[in-house]
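The following paragraphs explain how helices pack against one another in a predicted model. Please keep the structure in view while reading.

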Amino acid sequence: MDWKDLAKTVGASAPMLGTLLGGPVGAGVGAIIASVLGVGSTPDDVSQALTVNPDAAVKLKQIEKDRQVELQTLIVQSEGNRLAAETSALQAVNSTMQAEAAAEHWPTYSWRPFCGFVFGSMFLGVYFVLPLMKLPVPIVPFEAWAAMGAVLGVASWYRGRMQADPAIPTINRG
């Protein structure tokens, strides 16, 4: 058992504590709860205390009342950390795409258009040419179409944005 498993149970009595238990600061909040309940600082000890001790729900509400500002600060910091990590990941993807677009070597900036041509050729070949030639049509797994569609969707979206907004640099050769 871990702290996330207790988040719903604790959240029924103390919503802020439940939210924090389910997040990255769960172990710290769990230690506070364990201390107030007078049990060991493991999720199993706290879970047992919550089921055995009839005053546990009252104590959880008291923790939330006494430490409301501190808990709200933790929630805000936790969300800020999550957003910072997400922003960092998006910036890394953006930097990679910009580096590919500015590259001097044709394979680096032309792989997305190449994928588009391969996808279109494959689609026409499998679903139109083979049936016209009365040849058996192979079963193409959904995952293959989904992967190609994802690559083409991202590339088309970016290219469309670039064409619609003159402020976006047009160094993209693809």
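The crossing of helices α3 and α5 is right-handed. Residues I32, I33, V36 and L37 of α3 form this contact together with A56, K59, L60 and I63 of α5. Sorted by class, the residues of the contact between α3 and α5 comprise seven nonpolar, no polar and one charged.

The geometry of this pair can now be described. Helix α3 spans residues 26-37 and helix α5 spans residues 56-66; they pack at an angle of about 125°, and their axes lie 10 Å apart. An angle over 115 degrees but not over 145 falls outside the roughly perpendicular and roughly antiparallel ranges, and α3 and α5 are therefore oblique to each other.

Attention may next turn to the packing of α3 with helix α4, which comprises residues 43-52. The angle between α3 and α4 is about 50°, with their axes 10 Å apart. That angle makes α3 oblique to α4. In this case α3 passes α4 in a left-handed crossing. On the α3 side the contact is made by G30, I33, A34 and L37, and on the α4 side by V46, A49 and L50. The contact of α3 with α4 contains six nonpolar residues, one polar residue and no charged residues.

Which residues of α3 should the reader locate in each contact? For α5, they are I32, I33, V36 and L37; for α4, they are G30, I33, A34 and L37. Residues I33 and L37 of α3 thus appear in both lists.

Terms used. Residues numbered from 1 in each chain as written. Predicted model: local features only at pLDDT ≥ 70, side-chain atom pairs only at ≥ 80, totals over all residues. Heavy atoms only, no water. Axes fitted to C-alpha atoms, helices over the stretch in contact; angles between N-to-C directions. Helix = DSSP H or I, 4+ residues; strand = E, 2+ residues; numbered from the N terminus. Parallel < 35°, antiparallel > 145°, perpendicular 65-115°, else oblique. Left-handed = near helix turned anticlockwise from the far one by under 90°. Contact = heavy atoms within 4.5 Å. Nonpolar A, V, L, I, M, F, W, Y, C, P; charged D, E, K, R; others polar.
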